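Trainee: I should like to take a close look at one part of this protein, namely its nonpolar core. Could you please guide me through that part and its surroundings?

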Amino acid sequence: KAFEEECKAVGLSLRKGLLKRVINQELITKNWDDMLRVAASIKTGWVTASLLVSRLQSYSRKSQLLLALQEYGRLQRTIFTLKYLGIESYRSQIRTQLNKGEAIHYLRQYLFFANEGTIRKASLEDQENQAGCLTLVTNAVIVWNTRYIAAIVEQLKNEGYQISDEDISHVSPCRFEHINKYGHYNFDIEKEMRRKDLRPFRNTQIP
């Protein structure tokens, strides 16, 4: 019944032939208590989802709990599809999140320019170190951008500009146009440790 109401809410009918399979509700309700215990174990950190799935799939015969979880997953995917097809604002929200993910990929690709962005280390440990270094540099750029974007927004507000939270939500901290990835770098750690304020902002009015 709740599933049918979800369909009606997004303007889709079960009779249009879009949904050709029936969810096994009895399987879900029969194992509902066990599913709740599994969810509680994952949420509290007693077990990881990947470990749980691997254990359930390791049995010679699929357990009823695993089948129930798979059936519930089909239900959730169907509801998601219905919302995506029927609600334009929902599609827009998903596109926004996808764009944020793509922005991080572009940033990582920009930073990982050596060897044309290919990990060529032989050992697994060296590969993990290289990937970890890329993650560290990526996070450093995002933190730097976030700190300065917040300071710039605050300064603009003090100067009388009207900036809404909706406007800020469209600003990405993954920008990299201001980063020079080539050449030599000199880090004066002692000098930077003594710094109390942010670096002065660039005046875009000066040619």
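Mentor: The account below begins with the core and then turns to the surface. Please keep in mind that this is a predicted model.

The largest nonpolar core has 13 residues. Within this core, Met35, Leu52, Leu56 and Leu65 are the residues with the most contacts. Two or more residues each are given to the core by α2 (25-30), α3 (32-44), α4 (49-57) and α5 (64-86). Among these contributors, α5 gives the most, with 5 residues.

Leucine 65 deserves separate attention. If its neighbours within four places in sequence are left aside, leucine 65 is in contact with Asn31, Asp34, Met35, Val38 and Leu56. Apart from the largest core lies another core, of 9 residues, which includes Leu107, Tyr110, Phe112 and Cys174. As a general tendency, nonpolar side chains in soluble globular proteins are buried together.

Consider next some residues on the outside. Tyr185, Phe187, Ile189 and Met193 form a nonpolar patch on the surface, and together they have about 560 Å² of accessible area. Phenylalanine 187 is located in the loop between α8 (165-169) and α9 (189-194). Because its relative accessible area is 66%, and exposed means over 50%, phenylalanine 187 counts as exposed.

Glutamine 109 belongs to helix α6 (residues 88-111). With a relative accessible area of 57%, glutamine 109 is likewise exposed. The C-alpha atom of glutamine 109 is separated by 9.6 Å from that of leucine 134, a residue 25 residues apart from it along the chain.

Definitions and conventions. Residues numbered from 1 in each chain as written. Predicted model: local features only at pLDDT ≥ 70, side-chain atom pairs only at ≥ 80, totals over all residues. Heavy atoms only, no water. Helix = DSSP H or I, 4+ residues; strand = E, 2+ residues; numbered from the N terminus. Buried < 20%, exposed > 50% of the residue type's maximum accessible area, 1.4 Å probe, protein only. Core = buried A, V, L, I, M, F, W, Y, C linked by side-chain atoms within 4.5 Å. Contact = heavy atoms within 4.5 Å. Patch = residues over 30% accessible without salt bridge, like charges linked within 9 Å, V, L, I, M, F, W, Y side chains within 5 Å. Areas by Shrake-Rupley, 256 points an atom, 1.4 Å probe, with all protein chains shown as cover. Salt bridge = Lys/Arg side-chain N within 4 Å of Asp/Glu carboxyl O.
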